Amino acid sequence: MRPVEAVLVGAGQRGREAFGAFALRHPHLLKFVAVAEPDEGRRQAFAQAHGIPPERQFRSWEELFASPPLAPLCVNATMDREHLPSTVAALEAGYHLFLEKPMAHTPEGCAAIVHAARQHRRIVQVCHPMRYSAFYAKAKELLSGGKVGTPLVITMTENVAYWHFAHSFVRGNWRRFDESGPLILTKTCHDMDLAVWLADAVPQRISSIGELRYFRPENAPAGAPERCLEGCPAETSCPFYAPTVYLGQHLEWPVSVISLDTSLEARRRALERGPYGRCVFRCDNDVVDHQVVAVEFSNGAMLNFTVGACTTYCYRSLRVLGSAGELHGHFERNELRIERFVQGLWPEIPTETHKVAAGQGAHGGGDWAVMRNALRLIREEDYAEADRSLQIALDGHLLAFAAEEARRKGEVIEFASYASRWNQAGHSGRT
Ligand SMILES: NC(=O)c1ccc[n+]([C@@H]2O[C@H](COP(=O)([O-])OP(=O)(O)OC[C@H]3O[C@@H](n4cnc5c(N)ncnc54)[C@H](O)[C@@H]3O)[C@@H](O)[C@H]2O)c1
């Protein structure tokens, strides 16, 4: 089998460590033939790893898309606010897209991408890895197979873990609304996507509460300086003390994000000067650190979703109350359990446990599974399936934006009228 050829835009953490690594491990499936990246060190490192000649190394997506397409596929791993202009330009240039989430940082941007994909008849695979992981595929199969009867209430939690939250949403790329977007989009558009997909229905009414409660200046330890390395009195007790996070033996994500050069000296310099050395209580973050969302779907199912920064472990959980029993799932343990109602009072409940085998790649094997799916869609030119999947991704993104509007305004949002504000082509018609 000949590999699908692709250009990469954005050779940052995801471009390099998720998709670059996939291509190197699966040369028969994917081959990068060009790269666009403004950072010279990142561009050269990617070009060298993938054998890309100098004439196919570009400083930006703008430069790359000025020439005729160099491959059928563009993998877009730029940061959130670059997604809209770069994706529309890539579609206009004739590429199929593998697009990192969020599709775009505004609802109209997401709708515009779907519109452009349809207009140019191109495949856009949004990188929602969880949907393609063995765990959620099994959950979907159990629910569709009626194992718990009719799903009535879906409870999902996204436990970010205190250290991960501090890295990405207090010190890092997704800490500010004006630079990336709201947490419900930047972190949990995956969960909104999963909810729409698992409920197999369109959202109807949405409400939400949430705020930035903890990572604020008033919670800083007494006498804490701006940067951890400036002599913090809490250096032996604060769980966020940067040197204990970034100057240890672990060199992969999230440590690989702070400096391309992972020598101890370079990492220490990054903490002295860069964003990851800042006290987590004295950053310029403004995204919420806890949020709760409630949704009613068109088939009557309800969603109850919580995302939290202050969790010990990093995992997602799923619980579905059905008319005939319950489904319980723990994503990081790859474990699902079905409990079914039987006759009598306080009966012994029959349970069925499913341990799924996570594939290779991050997000329970989802990172690589979603890429495989995109390559299959392109190889088979399966536009119908690609469009169905893209519509679910759009509904999930619009649900995230609607939840944010509900949180900010303290109102219940009606999804149909909310979505029709952005969806140029009208609502999907899915009920
Ligand atoms: N699907 C997931 O589970 C998942 C997980 C993490 C991150 N993400 C998403 O992946 C995307 C990338 O995240 P990241 O952590 O790799 O960020 P990053 O900052 O490490 O990488 C982005 C890269 O884009 C480059 N870039 C900027 N302008 C460009 C231009 N004009 N042309 C080409 N490249 C340009 C930057 O120099 C940078 O190297 C984000 O949108 C993020 O939300 C998705």
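Which residues does Ala 104 touch, not counting residues up to four places away in sequence? In this predicted model, the partners of Ala 104 are His 83, Leu 84, Gly 109, Cys 110 and Ile 113. Ala 104 sits in the loop between strand S5 (96–100) and H5. Is Ala 104 buried or exposed? Ala 104 counts as buried because 25 C-beta neighbours lie inside 10 Å, and the cut-off for a buried residue is 20 or more. For a distance along the chain, take Cys 314: it is 210 residues from Ala 104 in sequence, and the two C-alpha atoms are separated by 25 Å.

**A helix pair**

From that loop we can move on to H5 itself. Helix H5 (residues 107–119) and helix H13 (residues 383–409) have axes that come within 9 Å and cross at roughly 170°. H5 and H13 are therefore roughly antiparallel to each other, since angles over 145 degrees fall in that class. On the H5 side, the contact uses Pro 107, Cys 110, Ala 111, Val 114 and Ala 117. H13 meets them with Leu 390, Leu 394, His 397, Leu 398 and Phe 401. Sorted by class, this contact has 9 nonpolar residues, 1 polar residue and no charged ones. Cys 110 is also one of the residues that Ala 104 touches.

**Three residues side by side**

Here is a short comparison of Ala 104 with two further residues, each paired with a residue far along the chain.

| Residue | Place | Partner and sequence separation | C-alpha separation |
|---|---|---|---|
| Ala 104 | loop between S5 and H5 | Cys 314, 210 residues | 25 Å |
| Thr 150 | loop between H6 and S7 | Gly 322, 172 residues | 5.1 Å |
| Val 320 | strand S11 | Ala 139, 181 residues | 9.7 Å |

Thr 150 belongs to the loop between helix H6 (134–144) and strand S7 (151–159). Because 13 other C-beta atoms lie within 10 Å, Thr 150 is partly exposed. Leaving out residues up to four places away in sequence, Thr 150 touches Gly 322 and Ser 323.

Val 320 is part of strand S11 (residues 315–322). Val 320 counts as buried because it has 25 C-beta neighbours inside 10 Å. With residues up to four places away in sequence set aside, Val 320 touches Leu 143, Val 148, Pro 151, Ile 154, Glu 326 and Leu 327.

**Around the ligand**

Which residues come nearest to the ligand? Of the 26 residues around it, these are Gly 10, Gly 12, Gln 13, Arg 14 and Glu 100. Helix H1 (residues 13–25) gives the largest share of this shell, with 3 residues. The shell is made up of 9 nonpolar, 9 polar and 8 charged residues.

**Domains**

The domain assignment divides the chain into domain 1 (4–122), domain 2 (131–214 + 286–362 + 384–422) and domain 3 (217–277). Between domain 1 and domain 3, the C-alpha centres lie 32 Å apart. Their contact takes 5 residues from domain 1 and 4 residues from domain 3. On the side of domain 1 that touches domain 3, H1 and helix H2 (40–50) each supply at least two residues. H2 has the largest share of that side, 3 residues. By class, the residues on this side of domain 1 are 1 nonpolar, 2 polar and 2 charged. Helix H1 thus turns up in two settings: it supplies residues to the shell around the ligand, and it supplies residues to the side of domain 1 that touches domain 3.

Conventions. Residues are numbered from 1 along each chain as its sequence is written. This is a predicted model: local features need pLDDT of at least 70, side-chain atom pairs count only at pLDDT 80 or more; totals for chains, interfaces and linings use all residues. Axes are lines fitted to C-alpha atoms, for helices over the stretch in contact, and angles run from 0 to 180 degrees between N-to-C directions. Helices (H or I, at least four residues) and strands (E, at least two) are DSSP runs, numbered from the N terminus. Angles under 35 degrees count as roughly parallel, over 145 as roughly antiparallel, 65 to 115 as roughly perpendicular and the rest as oblique. Two residues are in contact if their C-beta atoms, placed from the backbone, lie within 7 Å. Ala, Val, Leu, Ile, Met, Phe, Trp, Tyr, Cys and Pro count as nonpolar, Asp, Glu, Lys and Arg as charged, and the others, Gly among them, as polar. A residue is buried if 20 or more other C-beta atoms lie within 10 Å of its own, exposed if 12 or fewer, and partly exposed in between; C-beta atoms are placed from the backbone. A residue is near a molecule or strand if its C-beta atom, placed from the backbone, lies within 6 Å of it. Domain bounds come from an automatic or database domain assignment.
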